[in-house]
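I opened this entry to keep track of what I looked up, element by element, and of the reasoning behind each reading.

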Amino acid sequence: MSGSYQQLRRNARLSAYRRGHFLKPFQKDSEDHGNIRATTACRHCGMEVQVITKPAPNEIDIGGEAVALNCKDRH
């Protein structure tokens with residue numbers, strides 16, 4: 001499933017925030033034929049999040065440790 005870049009960033013931020021992370025601004029890693037890949041990391045623990053607007057069949061649109069694991073350095 002794919003989504004708009006803005007919506008994916010919002011969803012990633014919300015998911016990471018619920019796990020105690022405070023994310024830095026997203027940085028676009030690549031933009032090719034409308035497919036945007038961007039990453040960011042937690043300001044406290046460094047765990048990363050990546051968003052992909054048009055993921056390949058073997059990829060996911062939002063992924064990374066910060067959306068899967070709780071922040072270890074903030075608490």
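**Helix H1**

I began with helix H1, residues 5-18, and checked its length: at 1.5 Å a residue its 14 residues should span 20 Å, and since its end C-alpha atoms are 20 Å apart, the two values agree. I keep in mind throughout that this is a predicted model.

Next I asked which residues of H1 are buried. I found Tyr5, Leu8, Ala12 and Ala16 to be buried in H1. Looking down the axis of H1, I saw its buried residues fall within an arc of 65°, so they line one face of the helix. On the other side of H1, I noted that Tyr17 and Arg18 are exposed. I then looked up what covers the buried residues of H1, and the list includes S1, S2, strand S3 (48-52), strand S4 (62-63) and helix H2 (65-68).

**After the helix: Gly20**

I followed the chain to Gly20, which lies in the loop between H1 and S1 and takes a positive phi of about 95° just after H1. Is Gly20 buried or exposed? I entered Gly20 as buried, because its relative accessibility is 9% and the cut-off for buried is under 20%. I also took the separation of Gly20 and Ile62, which are 42 residues apart in sequence and, C-alpha to C-alpha, 17 Å apart in space.

**The hairpin of S1 and S2**

Turning to the strands, I found that S1 (residues 27-32) and S2 run antiparallel and are joined by five bridges. In this pairing I noted Glu31 standing opposite Ile36 in S2. S1 and S2 form a hairpin with two residues between them, and in the turn I recorded a positive phi of about 55° for His33.

**Two threonines in S2**

I looked at Thr39 and Thr40 one after the other, having found that Thr39 lies in strand S2 and that Thr40 lies in S2 as well, a strand of residues 35-41.

For Thr39, I listed contacts with Pro25, Phe26, Gln27, Asp29, Val49 and Gln50, leaving aside its neighbours within four places in sequence. The side chain of Thr39 makes a polar contact with the side chain of Asp29, at 3.3 Å. I also noted that Thr39 and Ile52, which are 13 residues apart in sequence, lie 9.1 Å apart in space, C-alpha to C-alpha.

For Thr40, I wrote down buried, because its relative accessibility is 5%. What does the side chain of Thr40 reach? I found that it reaches the backbone oxygen of Pro25 at 3.3 Å. Not counting residues up to four places away in sequence, Thr40 touches Leu23, Lys24, Pro25, Phe26, Met47, Glu48 and Val49.

**The nonpolar core**

Last, I looked up the largest nonpolar core, which has 16 residues, and noted that Phe26, Val49, Val51 and Ile62 are those with the most contacts inside it. I found that H1, S2, S3 and H2 each supply at least two residues of this core, and that the largest share, four residues, comes from H1. As a general background, I note that in soluble globular proteins nonpolar side chains tend to be buried together.

I closed with the surroundings of Ile62, which touches Leu8, Asn11, Ala12, Val49, Gln50, Val51 and Val67, not counting residues up to four places away in sequence. Among these partners, Leu8 and Ala12 had already been entered as buried residues of H1, and Val49 and Val51 are listed with Ile62 among the residues with the most contacts inside the core.

Key. Residues numbered from 1 in each chain as written. Predicted model: local features only at pLDDT ≥ 70, side-chain atom pairs only at ≥ 80, totals over all residues. Heavy atoms only, no water. Buried < 20%, exposed > 50% of the residue type's maximum accessible area, 1.4 Å probe, protein only. Polar contact = N/O pair within 3.5 Å; in protein donor to acceptor, adjacent residues only side chain to side chain. Contact = heavy atoms within 4.5 Å. Pairing = 2+ DSSP bridges. Expected span 1.5 Å × (residues − 1). Arc of directions from axis to C-beta. Core = buried A, V, L, I, M, F, W, Y, C linked by side-chain atoms within 4.5 Å.
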